[in-house]
Amino acid sequence: MPHPQDTQHRPIWPGIAGSIALVTGASSGLGAHFATLLAEQGAQVVATARRLERVETLCTGLQARGLAARPMALDVTAPAEVRAAMAEIAPDLVVNNAGVSHSCPALELTSETLDAVIDTNIKGVFTVAQAAAANMRHRASGGAIVNVASILGSRVAGQVAAYAASKGAVLQMTRALALEWARHGIRVNALSPGYIETDLNQDFFASDAGQALIRRVPMRRLGRPEDLDGPLLLLLSDLGRAMTGADLVVDGGHLVSSL
Ligand code: NAI
């Protein structure tokens, strides 16, 4: 059970507390943030990643706060591993967060890199969603899946052809799965962050090029991981119960920047 001081002043989103929530790629960045958020909302979180020791550390910290979290090793590009994990955990909520990015001119993109991006960002997302839904379909309560896409799935930037193509595929996959699985009570939505400031890109955004990029964002700011909290919880909770096939964009207006 969450410690009272962890949930104080936080809205309680119906359908989250007590549910089993699985997050992929939870060893760093947004995945670790999402796992923490869901644990704070009273979910029983399964924080998965390829590097077990990283999610073990995360879960130990959450457990020390009285929150429910368990670590699990999971590579989203290993279908048998994914299916076994979903059969064992039977999550009610899934955050399909694991992803890889790659930046280089399209003329220099190798077949190996293209495969790696497709394997994780498209096939991995599909495998996780399919294995989760195979279990959810047998439950009256259904389930909710959020696929983490990107504004690069809707518009493009230079040097990210493989990544942008993969996130565009995630958006269309989300719609296709939402259509097929609505009859089973399974909702599938996409969350599309704009540029989010993390430890990894802080230096870039402090540079002239980074500052110029921020000036092109209508709200003149970068995103922060916590900007995604309300949108993610809406998509997963009962308050979003009629939402499926949606792409929830959280980007300070970047997608609607002036052409
Ligand atoms: P990150 O690199 O910190 O997180 C990605 C996570 O996915 C890592 O923990 C990584 O180990 C994991 N991962 C990669 N391949 C995996 C595999 N085969 N199996 C399991 N886990 C695997 O980056 P970040 O920023 O936290 O990204 C999380 C998601 O958010 C990604 O899908 C990314 O494309 C998306 N995103 C991030 C934005 C940002 O500005 N940070 C903006 C838009 C989307």
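**View A. Polar contacts around the ligand.** In this predicted model, an oxygen atom of the ligand is 2.8 Å from an N or O atom in the side chain of Ser28. The side chain of Arg50 likewise places an N or O atom 3.1 Å from an oxygen atom of the ligand, while Gly25 contributes a backbone N or O atom that lies 3.3 Å from a ligand oxygen atom. Of the 820 Å² of accessible area that the ligand has on its own, the protein covers 87%.

**View B. Residues surrounding the ligand.** The ligand is surrounded by 25 residues, of which the closest are Ser28, Leu30, Asp75, Asn97 and Tyr163.

**View C. The two sides of helix α3.** The buried residues of this helix are Val55, Leu58, Cys59 and Leu62; because they cover an arc of only 95° around the axis, they fall on the same side of α3. An α-helix has 3.6 residues a turn, so residues three or four places apart point the same way. Thr57 and Ala64, on the other side of α3, are exposed. The cover over the buried residues of α3 includes α2 (29-40), β2 (44-49) and β3 (69-73).

**View D. The length and end of helix α3.** The 13 residues of α3 (residues 52-64) should span 18 Å at 1.5 Å a residue, and the end C-alpha atoms are 18 Å apart, which agrees. Just after α3, Gly66 adopts a positive phi of about 85°.

**View E. Helix α9 and its cover.** Helix α9 (residues 229-236) is mostly covered, with six of its eight residues buried, namely Asp229, Pro231, Leu232, Leu233, Leu235 and Leu236. Among the elements that cover these buried residues are α2, β4 (93-96), β5 (143-148), β6 (186-193) and β7 (247-250).

Definitions and conventions. Residues numbered from 1 in each chain as written. Predicted model: local features only at pLDDT ≥ 70, side-chain atom pairs only at ≥ 80, totals over all residues. Heavy atoms only, no water. Helix = DSSP H or I, 4+ residues; strand = E, 2+ residues; numbered from the N terminus. Expected span 1.5 Å × (residues − 1). Buried < 20%, exposed > 50% of the residue type's maximum accessible area, 1.4 Å probe, protein only. Arc of directions from axis to C-beta. Contact = heavy atoms within 4.5 Å. Near = heavy atom within 4 Å. Polar contact = N/O pair within 3.5 Å; in protein donor to acceptor, adjacent residues only side chain to side chain. Areas by Shrake-Rupley, 256 points an atom, 1.4 Å probe, with all protein chains shown as cover.
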